[in-house]
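Hi,

Here's the structure I promised to pass on. Have a look at it first, and then read my notes underneath.

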Amino acid sequence: MSFLGGSFSFGSTQLCKGFALLLVFGHAVVQIFPSAVAYLALVPARTIPFAWNLLTAGYVEQAVVGAIVSALGLLFIGRLLEPIWGPKEFLKFVFFVNFLTYICAFVTAIALYYITKEENYLYAPISGFHGVLAGILVGIKQIFPDQELPLIPPLKIKAKWMPSLLLLPSIAVSFFLEGSASYLPTLIFGTYMGWIYLRYFQRKPETNIRGDPSDEFTFSSFFPQPMRPIIEPIASILDRIFCGRSRVPSEAKGYTLGAAPLPGSGPIEASRRRERGARALEERLASEQLTASGAEDPSHEDAEERV
């Protein structure tokens with residue numbers, strides 16, 4: 001199903017299908033064996049010594065709605081990125097975002113316990129793939145920023161606002177709903193870790209440059225223009241804490257070595273990446289349409305023979 005192309009098809013990549021099956025399997029396990037939640041989901045009080053739940057929690061959906069949404073979201077959205085990045089890079093992205101998201105969720109739960117003294121933060125199981133899905137939306141923002149997506153007909157929204165459209169309502173709703181601690185930290189940290197990986201660590205084989213330093217992909221670009229002067233100083237501090245570097249100023253137009261800009265950085269490379277993404281998407285849609293038409297031809301020929 002391609003919401004970017006305005007047409008519907010059901011092809012998907014093998015890796016996305018594998019992850020979707022893993023999510024269905026994880027949900028089935030905790031439904032058949034409810035006690036498995038304590039060992040597979042993130043339970044901060046039990047993470048030491050059960051440290052493996054930092055890896056497994058992301059693939060365990062406790063609710064059937066969560067399992068369906070995560071599996072379908074991965075099949076329909078993840079398949080747009082995997083052909084562009086390649087299976088190995090897509091796998092690295094999922095592992096990076098999932099693992100660091102739950103490390104941050106663990107630290108947050110411990111901090112909230114010491115602040116509030118409420119034991120629920122220590123023993124409430126946290127799990128789900130929604131953090132990775134939030135990170136995948138960041139990838140969509142990076143590669144297809146100006147692609148218009150149908151929201152509520154006839155309303156459309158550009159892809160670059162999808163992560164914000166997921167986060168801001170979730171944060172607003174959390175003030176009125178109990179249990180927001182089970183999903184909100186993973187959504188926030190999934191979005192941020194997805195941006196961290198793509199901004200600083202993803203290697204570009206064609207340039208051997210890591211990350212995306214373009215002005216169009218700064219952390220403040222997730223927020224409306226009036227909020228950016230407030231966000232940019234905070235983002236600069238977070239860059240130094242997590243990445244050991246400050247945000248690239250708009251005047252730099254890319255990383256520099258001495259006085260010369262590094263090749264492959266800045267807005268030119270970002271524009272090329274978006275062009276490659278759009279071209280890869282068009283080729284994929286054309287391939288799926290060709291496959292579909294090829295599947296229809298034999299039956300059409302048989303009908304003509306019978307006539």
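**What I found**

Val-138 is buried, its relative accessible area being 0%. You'll find Val-138 in helix H7, which covers residues 130-143. So what does Val-138 touch, once you skip the neighbours within four places in sequence? Its contacts are Pro-163, Thr-191, Gly-194, Trp-195, Leu-198, Phe-217 and Phe-222. Tyr-192 is worth finding too: 54 residues separate Val-138 from Tyr-192 in sequence, yet their C-alpha atoms are 8.7 Å apart in space.

Next, a pair of helices. Helix H1 (residues 14-32) packs with helix H4 (residues 64-85) at an angle of about 170°, and their axes are 9 Å apart. Angles over 145 degrees count as roughly antiparallel, so that's how H1 runs relative to H4. On the H1 side, the contact is made by Leu-15, Cys-16, Lys-17, Phe-19, Ala-20, Leu-23 and His-27. H4 brings in residues including Val-64, Ala-67, Leu-74 and Glu-82. Sorted by type, the residues in this contact are 10 nonpolar, three polar and three charged.

One caution: this is a predicted model. The average pLDDT for the protein is 79, with 72% of the residues scoring at least 70. Two stretches have pLDDT below 50. Residues 245-265 are one of them, and this stretch has 41 contacts in the model beyond near neighbours in sequence. Residues 299-307 also fall below 50, but there the count of such contacts is zero. Where pLDDT is low, don't read the predicted coordinates in detail.

Cheers

Methods. Residues are numbered from 1 along each chain as its sequence is written. This is a predicted model: local features need pLDDT of at least 70, side-chain atom pairs count only at pLDDT 80 or more; totals for chains, interfaces and linings use all residues. Side-chain values use heavy atoms; hydrogens and water are left out. Axes are lines fitted to C-alpha atoms, for helices over the stretch in contact, and angles run from 0 to 180 degrees between N-to-C directions. Helices (H or I, at least four residues) and strands (E, at least two) are DSSP runs, numbered from the N terminus. Angles under 35 degrees count as roughly parallel, over 145 as roughly antiparallel, 65 to 115 as roughly perpendicular and the rest as oblique. Contact means heavy atoms within 4.5 Å. Ala, Val, Leu, Ile, Met, Phe, Trp, Tyr, Cys and Pro count as nonpolar, Asp, Glu, Lys and Arg as charged, and the others, Gly among them, as polar. pLDDT is the predictor's confidence in each residue, from 0 to 100. Buried means under 20% relative accessible area, exposed over 50%, partly exposed in between (1.4 Å probe, protein chains only).
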